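This report describes a structure for a reader who has not seen it before. Please keep the sequence and the view at hand while reading.

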Amino acid sequence: MNEIANKAASPAIAGRSLWGHALSRFSGNRAAMASGAYLLFMAALCIVGPLFAPNSYEAIYQNYTRVPPSLSAYPKPDMLGPAIEDVAARARLTLNGWEQDGDRVNIRLSGNGDIDPRVTRYIDRSDLLEDAKVVTSTPGSILVSAKLESRYFFFGTDSTGRDLLSRTLVAGRISLSIGLLAGLIAVAIGVFYGATAGFIGGRVDQVMMRIVDVLYSLPFIFFVIMLVVFFGRNFLLMFVAVGAVLWLDMARIVRGQTLSLRRQEFIEAAEALGISRPRILLRHIVPNLLGPVVIYMTLLVPQVIILESFLSYLGFGVQEPMSSWGVLIAQGARSMPSANWLLIFPASFLITTLFALNFVGDGLRDALDPKDH
Amino acid sequence: MIRYVLRRLLTAIPTIFAIITLSFFMMRVAPGGPFNQERGLDPVIRANLERTYHLDLPLWQQYLIYLGNLLRGDLGPSFTMPEFTVAELFRAGLPVSIQLGGLALALALVLGGALGIIAALRQNRAPDVAVIAVATAGSTIPTFVIAPLFQLFFALTLKWLPVGGWGDGALVNKIGPVVTLMLPQLAIVARLMRGAMIEALHAHHIRTAHAMGLSDFSIVLRHALRSALLPVVSYAGPAAAALLTGSVVVETIFSIPGIGRYFVDAALNRDYTVVMGGVVVVAVFTIVFNLIVDILYAVIDPRVRYE
């Protein structure tokens, strides 16, 4: 007797849920796991990276416009001469010569009468030099020593002299968060619209799906542009606009699923128990839709990122000084022949992320829907 | 069959009507107007302009006027390019867009279809992996990345092709836009064809054909291809409508005088008639190609009958 009670109390053999199965299948998919890791790495890089990047994404270095990417520090030796000549010209003094001494430069300047020691400010203002000090000053000439200001531009700089590395990372924040948030918005609208249409059925379903059909036949680009025109070039409303366009597929998929769920016994049972229809929808239908919704969402995120980049590419999306990968690619495409790194770096970030998202989406589909395999 | 086509065309009318109505009012509710952008436009001149284009009338009257003109085939004048009517703009641009889109679609169907069949016949082996890699790349990399990279390599580095321009339809000018338009479509067609072909090759009638000793060539091309074509055909309909009506990105990057670029410019400048014209053109193309898809379905699949 006691034994039986003990046996009953001992934990049952752990069953494997649908999600447990899916997880084990997903972790067996090497491409999907590697892509997932890459995405996490990319997200961490974009969120934390700008804090450690050598330059701020907003800072403009006028002396460093369109410098090519380099792993060694700027200024390069051949840049120093022109920059010092430029400083002398700005200070309206004659340059008598300069020599490099370790990480400092000695600059000899001459002019008419006493030279104001505040010429050091002209030197400090250059992006190449800092900490300028007057060494000796005689009437008509002055010797100034300045420290070389070493800067790193691993991805080079853009046409206004901003660091491409930190701009690419900050742009990644925008692109990724728009992808995620607008994806969620699209999924939320689509799920509730589709589930409602499929669950109520009949006339309501036909009218609701007819609306989806009409929205489908509108030229996509026209639809997006109209939304942007309505909402203005507001950063937050971009999410809504993008999300509001991409819910149509989701609505169709969810409606189809709901139609087949509705006829199943457990829904009939719930109806027989007298549970209210909104409650059946929320508690029984929507949770059962989760599988296809998750799959579709992972495939939707890259679409949203592409759409956002496309809008930004056309100039409707994110505005300066913020940027997204689309903005950077657009700028890169414009300055391409002379500065191809402006296209290549943002494009490779975007493409690798999209690839990884696709692999994760395919992996999830295989994991959650083994029939499809 | 003819009755079916006629009925489909008749049921398309309310859809087109709904699309026109929706986009007309969406366009008009948006703030701004075609003559608001120009600063310093004299109020009297503006009032005159608005009267000429009936913009001073109540919205519902403008809507009725527009519908009336549309029924007579008049798409109206362009507001921002007063020297052209919308019909003239489209008559000049549409053939260009159709040529590029049509070439791109044809190539995508032929090449993508061939790649998909090859992948399906060599499933999980090297050719299959290669095709999947190409298809993933093609459907992942956005057009606005492919196009400038294409220019960078073939026009600026190798100098084989012109950077852009139409060049009165010279073949070298078409290569860049066509390839850029084609690649994403080719990728999707190859994927669809591969999946459908794998499934088709497992069907019972194919096993029977093997048992009857038919050659592999005729099994694949005459029997399996027929059922494998269905998903490709149903994808090709909407794709054709989208491709033939021009692409904003490709036309902008390669400086092509098609109609794709009108959409964005016209919507931003509130050039109402041009936007509406574009909407009508796209809607008509979508409906016509969906109809063609359904007819092709009946041709390919003898089980489908339209009575």
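Of the 25 residues of helix 13 of chain A, 18 are buried, so this helix is largely enclosed by the rest of the structure. A residue is called buried if 20 or more other C-beta atoms lie within 10 Å of its own, exposed if 12 or fewer, and partly exposed in between, with C-beta atoms placed from the backbone. Helices (H or I, at least four residues) and strands (E, at least two) are DSSP runs, numbered from the N terminus.

The model is predicted: local features need pLDDT of at least 70, side-chain atom pairs count only at pLDDT 80 or more, and totals for chains, interfaces and linings use all residues. Residues are numbered from 1 along each chain as its sequence is written, while chains are lettered from A and ligands numbered from 1 in the order in which they are written.

At 1.5 Å a residue, helix 13 of chain A should span 36 Å, which agrees with the 35 Å between its end C-alpha atoms; the expected span is 1.5 Å times one less than the number of residues. The helix has a kink of about 25° at A:Leu299, shortly before the proline A:Pro302. The bend at a residue is the angle between axes fitted to the seven residues ending there and the seven starting there. After helix 13 of chain A comes A:Gly315, with a positive phi near 95°.

Chain A also holds an open, antiparallel sheet of four strands in the order 1-2-4-3. Two strands pair if DSSP finds at least two bridges between them. Strand 1 (94-101) and strand 3 (129-138) of chain A are at the edges with a single partner strand each, so one side of each has no neighbour in the sheet. From one strand to the next the twist averages 20°. Helix 4 (residues 77-90) of chain A packs on the sheet, where it touches strand 1 and strand 2 (104-110) of chain A, and its direction makes about 140° with that of strand 1 of chain A. Axes are lines fitted to C-alpha atoms, for helices over the stretch in contact, and angles run from 0 to 180 degrees between N-to-C directions. Two residues are in contact if their C-beta atoms, placed from the backbone, lie within 7 Å.

Seven bridges join strand 3 to strand 4 (residues 141-148) of chain A, and seven join strand 2 to strand 4 of chain A. Some residue pairs are listed here.

| Residue | Residue opposite or bridge partner in strand 4 of chain A |
|---|---|
| A:Lys133 | A:Ser145 |
| A:Thr138 | A:Ser141 |
| A:Arg108 | A:Leu143 |

Strands 3 and 4 of chain A form a hairpin with two residues between them, and A:Gly140 in the turn has a positive phi of about 90°.

Chain B has twelve helices and zero strands. Its C-alpha trace spans about 85 × 60 × 30 Å along the principal axes, and 38% of its 307 residues are buried. B:Leu181 lies in helix 7 (residues 171-201) of chain B and counts as buried, with 29 C-beta neighbours inside 10 Å. Its C-alpha atom is separated by 5.9 Å from that of B:Ala104, 77 residues apart along the chain.

Between the chains, 27 residues of chain A are in contact with 30 residues of chain B. Helix 15 of chain A gives the largest share of chain A's side, seven residues.
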